[in-house]
Amino acid sequence: MSTESISDRREHIRSISVTALAALLGVGAALASVALTGDLPVDTAASDTRALFLVLGAIVAQFVLFNFTNIYADDEFGMKHHLFITFMTFAMWFVTWGILLTAESTA
C-alpha cells in the first residue's frame, strides 16, 4: 500500500512539473516574441517567423531538459508525452502572444 502511494505521489509531482514547465516556457517564449518584434507594426509582427523559432526552441529545450534531468526515469517517454509538451507550450505561447499583440494594437 505504501509503495503504491509513493509511486502515485511521484507520478503526480512529475505531471505537475511537466505541465508547469511547458506553460512557463510558453509564456516566456511569448514575452521574448514581443520583445523581439516590439518595434514592428502589429500586422507585421504577427507574421514574423522569428517568433515561431522562439517557441520551437522552447519546445526543443524542454525535451533536452527532460532527458538531462531524467524526469522520466523508468517510464517510457512516448509520443503522447511529446505531443502534450508541444501542444501546451505552443498553446500558451499562442494565447499569450495574441493577447500581448492585441493589447499593443489597442494601446
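**Exercise 1. Which helix supplies the largest share of the nonpolar patch, and how many residues come from that helix?**

*Solution.* Keep in mind as you work that this is a predicted model.

Step 1: Find the patch. Look on the surface for Leu52, Phe53, Leu56, Phe90, Phe94, Val95 and Ile99, which form a nonpolar patch. Together they have about 690 Å² of accessible area.

Step 2: Find the helices. Both α3 (49-69) and α4 (79-106) supply at least two residues of this patch.

Step 3: Compare the shares. The largest share, four residues, comes from α4.

Step 4: Check one member. Phe94 has its place in helix α4. Its relative accessibility is 52%, so Phe94 counts as exposed, because the cut-off for exposed is over 50%.

**Exercise 2. Find the salt bridges in the structure, and decide for each partner whether the residue is buried or partly exposed.**

*Solution.* Here is the idea to start from: side chains of opposite charge can pair when their charged atoms come close.

Step 1: Count. You should find two salt bridges.

Step 2: Take the pair in helix α1. Glu11 forms a salt bridge with Arg14, and their closest N and O atoms are 2.6 Å apart. These residues are three places apart in helix α1 (residues 2-36), so about one helical turn separates them.

Step 3: Judge how covered they are. Buried means under 20% relative accessible area. Arg14, with 7%, is therefore buried, whereas Glu11, at 42%, counts as partly exposed.

Step 4: Turn to the other pair. The side chains of Asp48 and Arg50 meet in a salt bridge, with 2.9 Å from N to O. Asp48 has 15% relative accessibility and so counts as buried, while Arg50, with 38%, is partly exposed.

**Exercise 3. Describe the surroundings of Ser33: is Ser33 buried or exposed, and which residue's side chain makes a polar contact with the side chain of Ser33?**

*Solution.* Let's go from the helix to the neighbours.

Step 1: Place the residue. Ser33 lies in helix α1.

Step 2: Check the accessibility. The value for Ser33 is 0%, so Ser33 counts as buried.

Step 3: List the contacts. Once you leave aside neighbours within four places in sequence, Ser33 is in contact with Ala51, Leu54, Trp93 and Trp97.

Step 4: Pick out the polar one. The side chains of Ser33 and Trp93 make a polar contact at 3.0 Å.

Methods:
Residues numbered from 1 in each chain as written. Predicted model: local features only at pLDDT ≥ 70, side-chain atom pairs only at ≥ 80, totals over all residues. Heavy atoms only, no water. Patch = residues over 30% accessible without salt bridge, like charges linked within 9 Å, V, L, I, M, F, W, Y side chains within 5 Å. Areas by Shrake-Rupley, 256 points an atom, 1.4 Å probe, with all protein chains shown as cover. Salt bridge = Lys/Arg side-chain N within 4 Å of Asp/Glu carboxyl O. Buried < 20%, exposed > 50% of the residue type's maximum accessible area, 1.4 Å probe, protein only. Polar contact = N/O pair within 3.5 Å; in protein donor to acceptor, adjacent residues only side chain to side chain. Contact = heavy atoms within 4.5 Å.
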